[in-house]
Amino acid sequence: MRSSRHAIKRCLVNLIDNALKYGGRLQVELKRAGRRVELSVDDDGPGIAEDRREEAFLPLPHRLDEGRNLQPAA
């Protein structure tokens, strides 16, 4: 359970940090939906190019920002 909390915290911190870094406006909303919660992070940054969105869900160390990519180029 502790690792799940750590992973959720890391995810939230990454979402919010990136929204602040790449956007000028940030809105975070948390809503209860029955037994679940819904979190939305909305900013006015450039977002992820449509053709690269699938990559955003690849496990670390993959990064979309090529300058920070820890994987060797293929």
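A nonpolar surface patch, as used here, is made of Val, Leu, Ile, Met, Phe, Trp or Tyr residues with over 30% relative accessible area and no salt bridge, their side chains being joined within 5 Å. The exercises below apply to a predicted model.

**Exercise 1. Layout of the chain**

State how many helices and strands the chain has and in what order they run.

Solution.
Step 1. The secondary structure consists of one helix and two strands.
Step 2. Read from the N terminus, the order is α-β-β.
Step 3. The helix H1 covers 2-22, strand E1 covers 26-33 and strand E2 covers 36-43.

**Exercise 2. Pairing of the strands**

Determine in which sense E1 and E2 pair, and find the residues that stand opposite Val28 and Leu30.

Solution.
Step 1. The pairing of E1 with E2 is antiparallel and runs over eight bridges.
Step 2. Opposite Val28 is Val41 in E2.
Step 3. Leu30 has Leu39 of E2 as its bridge partner.
Step 4. Two residues lie between the strands of this hairpin, and Gly34 adopts a positive phi near 65° there.

**Exercise 3. The nonpolar patch**

List the residues of the nonpolar surface patch, give its area, and identify the element that supplies the largest share.

Solution.
Step 1. The members are Ile8, Leu12, Leu15, Val28, Leu30, Val37 and Leu39, and together they form a patch of about 620 Å².
Step 2. H1, E1 and E2 each contribute at least two residues to the patch.
Step 3. H1 gives the largest share, with three residues.
Step 4. Take Leu39 as a test of membership. This residue lies in strand E2. Its relative accessible area is 38%, so Leu39 counts as partly exposed. A patch residue needs over 30%, and Leu39 at 38% therefore passes this cut-off.
Step 5. Combine this with the pairing: Leu39 and its bridge partner Leu30 are both among the patch residues.

**Exercise 4. Salt bridges**

Find how many salt bridges the structure holds, and describe each pair.

Solution.
Step 1. The total is three salt bridges.
Step 2. One of them joins Asp42 to Arg25, with 3.4 Å between the closest N and O atoms. This pair links distant parts of the chain, since Asp42 belongs to strand E2 and Arg25 to the loop between H1 and E1, 17 residues apart. Asp42 has a relative accessible area of 38% and is partly exposed; Arg25, at 36%, is also partly exposed.
Step 3. Another salt bridge is formed by the side chains of Glu29 and Lys31, at 3.9 Å from N to O. Under the 4 Å cut-off this pair is counted. Glu29 is partly exposed at 32%, and Lys31 is partly exposed at 45%.
Step 4. The remaining pair is Arg52 with Glu55, at 3.1 Å from N to O. Arg52 is located in the segment after E2. The relative accessible areas are 24% for Arg52 and 22% for Glu55, and values between 20% and 50% are classed as partly exposed. The two side chains also make a polar contact at 3.1 Å.

**Exercise 5. The surroundings of Gly23**

Decide whether Gly23 is buried or exposed, and name the residues it touches beyond four places in sequence.

Solution.
Step 1. Gly23 sits in the loop between H1 and E1.
Step 2. Its relative accessible area is 16%; the limit for buried is under 20%, so Gly23 is buried.
Step 3. Leaving out residues up to four places away, Gly23 touches Asn18, Asp43, Asp44 and Gly45.
Step 4. Asp44 is 21 residues from Gly23 along the chain, yet their C-alpha atoms are 5.0 Å apart.

**Exercise 6. Totals for the chain**

Give the percentage of buried residues, the exposed area, and the percentage of contacts that join residues at least 24 apart.

Solution.
Step 1. Of the 74 residues in the chain, 4% are buried. Gly23 is one of the buried residues.
Step 2. The chain exposes about 6800 Å², of which carbon and sulfur atoms supply 54%.
Step 3. Consider contacts between residues at least 6 apart in sequence: 15% of these join residues at least 24 apart.

Technical notes:
Residues are numbered from 1 along each chain as its sequence is written. This is a predicted model: local features need pLDDT of at least 70, side-chain atom pairs count only at pLDDT 80 or more; totals for chains, interfaces and linings use all residues. Side-chain values use heavy atoms; hydrogens and water are left out. Patches are made of residues with over 30% relative accessible area and no salt bridge: like charges are joined within 9 Å, nonpolar side chains (Val, Leu, Ile, Met, Phe, Trp, Tyr) within 5 Å. Accessible areas come from the Shrake-Rupley method with a 1.4 Å probe; for residues, only the protein chains shown count as cover. Helices (H or I, at least four residues) and strands (E, at least two) are DSSP runs, numbered from the N terminus. Buried means under 20% relative accessible area, exposed over 50%, partly exposed in between (1.4 Å probe, protein chains only). Contact means heavy atoms within 4.5 Å. A polar contact is a pair of N or O atoms within 3.5 Å; within protein, one must be able to donate a hydrogen and the other to accept it, and residues adjacent in sequence count only if both atoms are side-chain atoms. Two strands pair if DSSP finds at least two bridges between them.
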